[in-house]
Each structure stands twice: as structure tokens, then as C-alpha cells.
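User: Hi! I've got a fresh model open and would like to talk it through with you. Could we start with the charged contacts?

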Amino acid sequence: MTDVPNDRVVPPGTAPTVISVMLIVPDAEAAIAWYKSALGATELWNLGGVAGLEIAGAAFFLHEVNPDNPAETSPGQAGVTSVRVEMFTDDPDGVVDRAIAAGATAGAAIEDHRTPWGTHRQGGFTDPFGHRWSVGDRSPLRPHSIE
């Protein structure tokens with residue numbers, strides 16, 4: 001398999017598009033503390049109930065449940081989650097181990113998956129706020145030809 005050339009050039013002076021998540025949590029301060037401790041997140045800003053965090057430059061956001069907005073609720077309140085947070089890192093084993101040691105529930109065990117571009121190492125956990133995380137190596141983050 002060969003990599004497909006990346007012809008998506010970002011013009012000088014423009015920033016690339018970024019996709020992030022806003023995790024709805026029952027207690028923003030407790031979530032901020034957990035993500036800092038368990039995943040090494042740093043706080044970008046905190047408005048009290050809404051906060052910006054990042055893990056190694058990957059920004060994500062937390063929003064405390066707002067009873068006036070029933071369209072957005074935490075997985076714990078809904079009893080289900082419809083989004084899986086995907087994290088790509090050089091050390092998926094270490095990230096999952098730290099999260100579980102900090103109170104996350106183990107998900108799929110870290111294992112090697114055979115993919116069209118080679119081996120992809122991935123596993124996961126559910127954080128204490130009900131959000132499912134898959135943590136894998138960086139292998140899917142670049143274009144690949146699928147033959």
C-alpha cells in the first residue's frame with residue numbers, strides 16, 4: 001500500500017479547519033479535574049460551567065448540563081451515548097491505563113487491528129461522565145490508498 005499524496009494545501013496565513021467535541025457533563029468542575037488528572041488535559045479557559053481544554057494541542061470543550069436546554073444532556077442522564085470520542089496518540093496503552101486507574105471503566109482491550117494500511121493499535125474506556133473513548137495510535141490520520 002502506498003500513501004495517497006495530500007493535495008489539500010492550506011494557503012499561507014489561513015488556519016486549517018478543526019473539528020472538536022463539546023462533552024456535556026453533570027459537573028463541569030469535577031470533569032475538568034478528572035480530564036486534567038487522568039488524561040493530562042490543560043485548561044484553556046473556564047467560564048464556570050463551560051470550559052475549553054486541550055490534550056497535547058487537541059482542543060475539546062465541556063459544558064455542564066443546563067436544565068433549561070433539554071436538547072443537550074449528559075450520557076448519564078440520557079442512559080446512552082451516541083458519540084464516541086476518538087483520541088490518537090503515540091501511547092494508547094498508557095492513556096487507557098491512566099484513565100482506568102483514575103476511575104474510568106475499561107472498554108475494549110488495547111489490541112492490534114489489521115487494517116488496509118497496516119496494523120492499528122486501539123482500545124478504549126468510558127470516562128466517569130459516561131463518554132466513550134477509543135484510544136489508538138496515529139496510523140489512521142493520514143491518507144492511504146485502500147486496495
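User: Which residue forms a salt bridge with Arg121?

Analyst: That's Asp112, and the closest N and O atoms are 2.8 Å apart. Keep in mind that this is a predicted model. The pair also belongs to something bigger than itself: salt bridges with shared partners link Asp93, Asp112 and Arg121 into one network.

User: Nice. Is Arg121 buried, exposed or partly exposed?

Analyst: Arg121 counts as partly exposed because its relative accessibility is 26%, between the buried and exposed cut-offs. Asp112 is partly exposed too, at 48% relative accessibility.

User: How many salt bridges are there?

Analyst: The count comes to five. One of them joins the side chains of Glu43 and Lys36, with 3.3 Å from N to O. Glu43 is partly exposed at 34% relative accessibility, and Lys36 is partly exposed as well, at 37%.

User: And what about Arg84, which residue does it form a salt bridge with?

Analyst: Glu86, with the closest N and O atoms 2.7 Å apart. Both ends are partly exposed: Arg84 has a relative accessibility of 44%, while Glu86 comes in at 34%.

User: OK, switching to the fold. How many helices and strands does the chain have?

Analyst: The protein chain has three helices and nine strands. Reading from the N terminus, the order is β-α-β-β-β-α-β-α-β-β-β-β.

User: What order do the strands take in the open sheet?

Analyst: The open sheet has four strands, ordered 1-4-3-2, with mixed pairing. Its edges are strand 1 (22-25) and strand 2, each of which pairs on one side only. From one strand to the next, the twist averages 25°.

User: Mixed, right. Which strand pairs in the parallel sense with strand 1?

Analyst: Strand 4, residues 58-64, over four bridges. Within that pairing, Val25 has Glu64 as its bridge partner in strand 4. On its other pairing, strand 4 runs antiparallel to strand 3, over six bridges. Strand 3 (residues 50-55) is in turn antiparallel to strand 2 (residues 42-46), with four bridges joining them.

User: I'm looking at Gly52 now. What is its bridge partner in strand 4?

Analyst: Phe61 is the partner there. Gly52 also stands opposite Trp45, and Trp45 lies in strand 2. That puts Gly52 between partners in strand 4 and strand 2.

User: How about the turns? How many residues sit between strand 2 and strand 3?

Analyst: Three, and the two strands form a hairpin. Gly48, in that turn, has a positive phi of about 75°. The hairpin of strand 3 and strand 4 has two residues between its strands, and there Ala56 takes a positive phi near 50°.

User: Is strand 3 mostly covered or mostly open?

Analyst: Mostly covered, since five of its six residues are buried, that is, under 20% relative accessible area.

User: What lies across those strands?

Analyst: Helix 1, residues 28-39, lies across strand 1, strand 2, strand 3 and strand 4. The helix runs at about 150° to strand 4.

User: Back to Trp45 for a second. Is it buried, exposed or partly exposed?

Analyst: Partly exposed, because its relative accessible area of 33% falls between the 20% and 50% limits. Trp45 also belongs to a nonpolar patch on the surface, together with Leu44 and Leu47. The patch has about 310 Å² of accessible area in total.

User: Good to know. What does the accessible surface of the chain come to overall?

Analyst: About 8900 Å², and 54% of that belongs to carbon and sulfur atoms. Buried residues make up 33% of the 147 residues in the chain.

User: Last one: what box do the C-alpha atoms fill?

Analyst: Roughly 50 × 40 × 25 Å, taken along the principal axes. As for contacts, among those with a separation of 6 or more, 54% are between residues 24 or more positions apart.

User: Great, thanks for walking me through it!

Conventions:
Residues are numbered from 1 along each chain as its sequence is written. This is a predicted model: local features need pLDDT of at least 70, side-chain atom pairs count only at pLDDT 80 or more; totals for chains, interfaces and linings use all residues. Side-chain values use heavy atoms; hydrogens and water are left out. Two strands pair if DSSP finds at least two bridges between them. Patches are made of residues with over 30% relative accessible area and no salt bridge: like charges are joined within 9 Å, nonpolar side chains (Val, Leu, Ile, Met, Phe, Trp, Tyr) within 5 Å. Accessible areas come from the Shrake-Rupley method with a 1.4 Å probe; for residues, only the protein chains shown count as cover. A salt bridge is a side-chain nitrogen of Lys or Arg within 4 Å of a carboxyl oxygen of Asp or Glu. Buried means under 20% relative accessible area, exposed over 50%, partly exposed in between (1.4 Å probe, protein chains only). Axes are lines fitted to C-alpha atoms, for helices over the stretch in contact, and angles run from 0 to 180 degrees between N-to-C directions. Contact means heavy atoms within 4.5 Å.
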